[in-house]
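Open the model in your viewer and keep the selection tool ready. We will go stop by stop.

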2 protein chains.
Amino acid sequence: MSESYAALHTDFYQITMSAVYHRKGMNAEATFSLFPHDLPAQRGYILAAGLADALEYLRRFRFTSEEVQYLASLNRFDPSFLEMLAGLRFSGEVWALPEGTVCFAGEPLMEVTAPLIEAQLVETRLIQLINLHSTLASKAARCAQAADGRVCVDFSLRRTQGREAGWAAARSSAIAGFTGTSNVEASRILGTVPVGTMAHAYVEAFGDESASFRAFADTFPDGTVLLVDTYDSVEGLHQAVQIAGELRQKGKRLVGVRLDSGDLVGMSRQARQMLDAAGLEETRVVVSGSLDEFRMAELMSQGAMVDVFGVGTKMGSSADAPYLDLAYKLVTYDGRPTLKLSTGKETWACPKQLWRTLDGDGRIARDVLGLREEKLAGEPLLQRVMAGGQPTGPLPTWQDAQRRFQEQKATLPEPCLRLLDPRPLTITPSRELEKVQQQARQAALQRGKRSF
Amino acid sequence: MSESYAALHTDFYQITMSAVYHRKGMNAEATFSLFPHDLPAQRGYILAAGLADALEYLRRFRFTSEEVQYLASLNRFDPSFLEMLAGLRFSGEVWALPEGTVCFAGEPLMEVTAPLIEAQLVETRLIQLINLHSTLASKAARCAQAADGRVCVDFSLRRTQGREAGWAAARSSAIAGFTGTSNVEASRILGTVPVGTMAHAYVEAFGDESASFRAFADTFPDGTVLLVDTYDSVEGLHQAVQIAGELRQKGKRLVGVRLDSGDLVGMSRQARQMLDAAGLEETRVVVSGSLDEFRMAELMSQGAMVDVFGVGTKMGSSADAPYLDLAYKLVTYDGRPTLKLSTGKETWACPKQLWRTLDGDGRIARDVLGLREEKLAGEPLLQRVMAGGQPTGPLPTWQDAQRRFQEQKATLPEPCLRLLDPRPLTITPSRELEKVQQQARQAALQRGKRSF
């Protein structure tokens, strides 16, 4: 397989539209705005993520010669267009919310300004990357909140929707405050220590639970977490206490026990009690199994005694809301504001900026969406992260994003933070934006009617 | 970037458990069974998919030297284990349901028999691939059913969960009966013609809707589908009829018009009427916008006149059920049946076969799950697809799978096919399996209690 920069990982219409633009000599500067129309029912905010991968995509964007040959083989495109594609690089400018920022419906996560063909061709992949990472980050943030100070780790890999989704789950949950992932490939890239315990199959392969525990502790005296529910959790816990005693005699300690099924509230309390009674206060109780923010909050409210949550499938697929309603809309072409009037889907014209004002308690009082050239009160949130096709600085790291989210979280009003039926903030358009929008709407209505 | 065979795309515990197995000399033959515990609420069956990619993964499975070096850098593994990993290939046997087979809770989609370490290390990726493809295929099959004979095409790419998910959506929906995808990269691999229309941005960039339509028809006289709802759908339709007339004068025809918002029932009927009145019976009405099987069934029942459904996000993320509850459970180790007794999650021991019996109408009467060596009535569904780490024949193609699903669909009892609240079949265990299971359960209970 030759290298691929994902340029063909796009919708076919991006290429046919570009062929028309090329033929008609339409390649003036365009600005597209990437924003969520609405939030899913159970999201009080979006945690912005995916920018690092999006910028890397733009920086490396190109069609390989094999890919151009494939397009030629479709017999739809003329040679001058294909030649143009072969040499095409992304040369544009990008404004974006830094990863880790919290945002709401109608707020641009990203605005792309470039010659029309470039800006059009990158649409599909940009939506895909920002959608994937922000969807999983927003879900993971809710899980971390429900954990109420307990440690969360990412156990989702096996039921994420593919290799890139597994990566996104690991990185996005780290931004949201998770402290590790079981995904080895992702740990390697993130520079984190991969985490894990043992599977039921492991205990079953030994047949003898006690022997399986002892073999693990022998091999990893500094990193053993014993899964105690393969046959009978209470007896499994007794075995674990026994192994912990043996480790102690070697000057080591049992890191934890894991419960993956059954009455997690009752069993976690019993585990804590048995461990404490044996002087194993440092040994942690790890709980896993179909966890999401709702189940975790329920466990905590019912008095479960948990030190670590292993959060899997429902976080890694954002099971209750596996996508965001993200759009990438043309807002200016060749200096002219543009918008769509389709029923219920009108979009804001022009390049924009977002100004955030906090109240006396440090909570968000107002997000004002205005024209980019305006000067309004508050902190302007969109940053120029790429110019001339190159990042304006080092690519943001996930650690930067994690720090930013820690700060941002503290600015969220309580209704945004409710796990059940949260109420997200609504944006305030600036007067100037409303004025320009009205003019653009009139012009568009005229355009729609022009030929009648 | 060096090549990677995804061996590190796994959970860390696969590697730590393997290190223990290696140290203890435990590498006898193991069989793992991959099956769904339960089906999601709105699924009456699972359409099995993902086997081709799973077998390709097994065939290529290896740790690169860089990956082994990374594992060494964690200071958790001894040199003899790392050396073993560096030379490791998958040498096992795989039995599986051919892609395109319909199946139900408790039925193995795949059984893997190999030396314990090999079988353990591939768990995460096998679950991930079968889960991803079968989840999306099962959702796409419901959409194809709701389309009631109309054409469905995959428009989901931008909101799929990453690059591999986009590929899986394209391939799985093709298996389910979709006739094309907008995903160019996937079309290239599948050998299908990529499909697409135009975006609102395209119309807006021109400003003049009529000019934008004409430019497209000029460039692609044989492949134009006009998006008519950017400003006003009725006026857009008038423009489309005009362009169709111009194409006709050149001996060409307008392929279609697309509606993406608003009153899709009313507008599709109006579109059909206007096109027919202009003698454009061949021009197709394409409908898109937040479609899933429920919305499509509603549109059809309300009398929408649709030729092509462009099905996007909700299919490509299987929005109402973005994962299957797939497990990969050890069922035999070193000739000994194994199982897990964890509350509510007991699994069937031993390598198995699945026999399907049809009734007089050609519908599934019974699926019997038995021991692999049994000889029971009905068609045995699990096939030996890999032996000695090599596929037993050419890798299954998506076309094979599509054909198989067309046949299989006709065997589904009506309650499985209900879009709302379907009732999946429940398996019948063979008497022999129940007997062996009871013995294995007793042995496991003893094992759980052994040390007390």
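This tour of a predicted model moves from the parts of one chain to the contact between two chains.

**Stop 1: the domains of chain A**

Select residues 12-136 together with 321-449 in chain A and give them one colour. That is domain 1. Now select 144-316 in another colour. That is domain 2. Note that domain 1 is written as two stretches of sequence. The C-alpha centres of domain 1 and domain 2 of chain A lie 39 Å apart.

**Stop 2: where the two domains touch**

Zoom in on the boundary between the colours. Domain 1 of chain A brings 26 residues to the contact, and domain 2 of chain A brings 21. Together they bury about 1800 Å², and carbon and sulfur atoms give 60% of that area.

Which residues of domain 1 lose the most area to domain 2 of chain A? Show A:Leu136, A:Trp398 and A:Leu419 as sticks to see them. Together these three make up 41% of what the domain 1 side buries.

Next, pick out charged partners. Two salt bridges cross this domain interface. Select A:Glu99 and A:Arg171 and look at their side chains. They meet in a salt bridge, 2.8 Å from N to O. Residue pairs in polar contact between the two domains number seven, counting pairs with both residues at pLDDT 80 or more.

Now select three helices of chain A: α2 (51-60), α6 (123-146) and α15 (398-409). Each supplies at least two residues of the domain 1 side that touches domain 2. Colour that side by residue type. You should find 13 nonpolar, nine polar and four charged residues.

**Stop 3: chain A meets chain B**

Zoom out and show both chains. How many residues does each chain bring to the contact? Chain A gives 113 and chain B gives 113. The area buried between chain A and chain B is about 9600 Å², with 56% from carbon and sulfur atoms.

Select A:Arg158, A:Gln161 and A:Arg188. In chain A, these residues lose the most area to chain B. Together they account for 9% of what the chain A side buries.

Now hunt for charge pairs again. Side chains of opposite charge can pair when their charged atoms come close. Between chain A and chain B there are eight salt bridges. For one of them, select A:Glu123 and B:Arg158, whose side chains meet at 3.1 Å, N to O. The interface of chain A and chain B also has 44 residue pairs in polar contact, with both residues at pLDDT 80 or more.

Highlight helix α1 (residues 12-23) of chain A. With 10 residues, helix α1 gives the largest share of the chain A side that touches chain B. That whole side divides into 45 nonpolar, 37 polar and 31 charged residues.

**Stop 4: a pair that joins the chains**

Select A:Lys24 and B:Asp218. Their side chains form a salt bridge of 3.2 Å, N to O. Why does this pair join two chains? A:Lys24 sits in the loop between α1 and β1 (29-36) of chain A, while B:Asp218 sits in helix α10 (residues 209-219) of chain B, so the bridge runs from one chain to the other. Over all chains, the structure holds 58 salt bridges.

**Stop 5: the names in the record**

Finish with labels from UniProt, in an unreviewed entry. Select residues 8-131 of chain A, which UniProt lists as "domain: Nicotinate phosphoribosyltransferase N-terminal". This span is 44% helix and 18% strand. Move to residues 152-328 of chain A, where UniProt places "domain: Nicotinate/nicotinamide phosphoribosyltransferase". Here the chain is 46% helix and 14% strand, and the end C-alpha atoms are 33 Å apart. Last, select residues 379-436 of chain A, recorded by UniProt as "domain: Nicotinate phosphoribosyltransferase C-terminal". The end C-alpha atoms of this span lie 22 Å apart.

Methods
Residues are numbered from 1 along each chain as its sequence is written. Chains are lettered from A and ligands numbered from 1 in the order in which they are written. This is a predicted model: local features need pLDDT of at least 70, side-chain atom pairs count only at pLDDT 80 or more; totals for chains, interfaces and linings use all residues. Side-chain values use heavy atoms; hydrogens and water are left out. Domain bounds come from an automatic or database domain assignment. Contact means heavy atoms within 4.5 Å. Buried area is the accessible area (1.4 Å probe) that two parts lose on being put together, summed over both. A salt bridge is a side-chain nitrogen of Lys or Arg within 4 Å of a carboxyl oxygen of Asp or Glu. A polar contact is a pair of N or O atoms within 3.5 Å; within protein, one must be able to donate a hydrogen and the other to accept it, and residues adjacent in sequence count only if both atoms are side-chain atoms. Helices (H or I, at least four residues) and strands (E, at least two) are DSSP runs, numbered from the N terminus. Ala, Val, Leu, Ile, Met, Phe, Trp, Tyr, Cys and Pro count as nonpolar, Asp, Glu, Lys and Arg as charged, and the others, Gly among them, as polar. UniProt positions are given in the numbering used here, feature names are shortened, and annotations may be inferred rather than shown by experiment.
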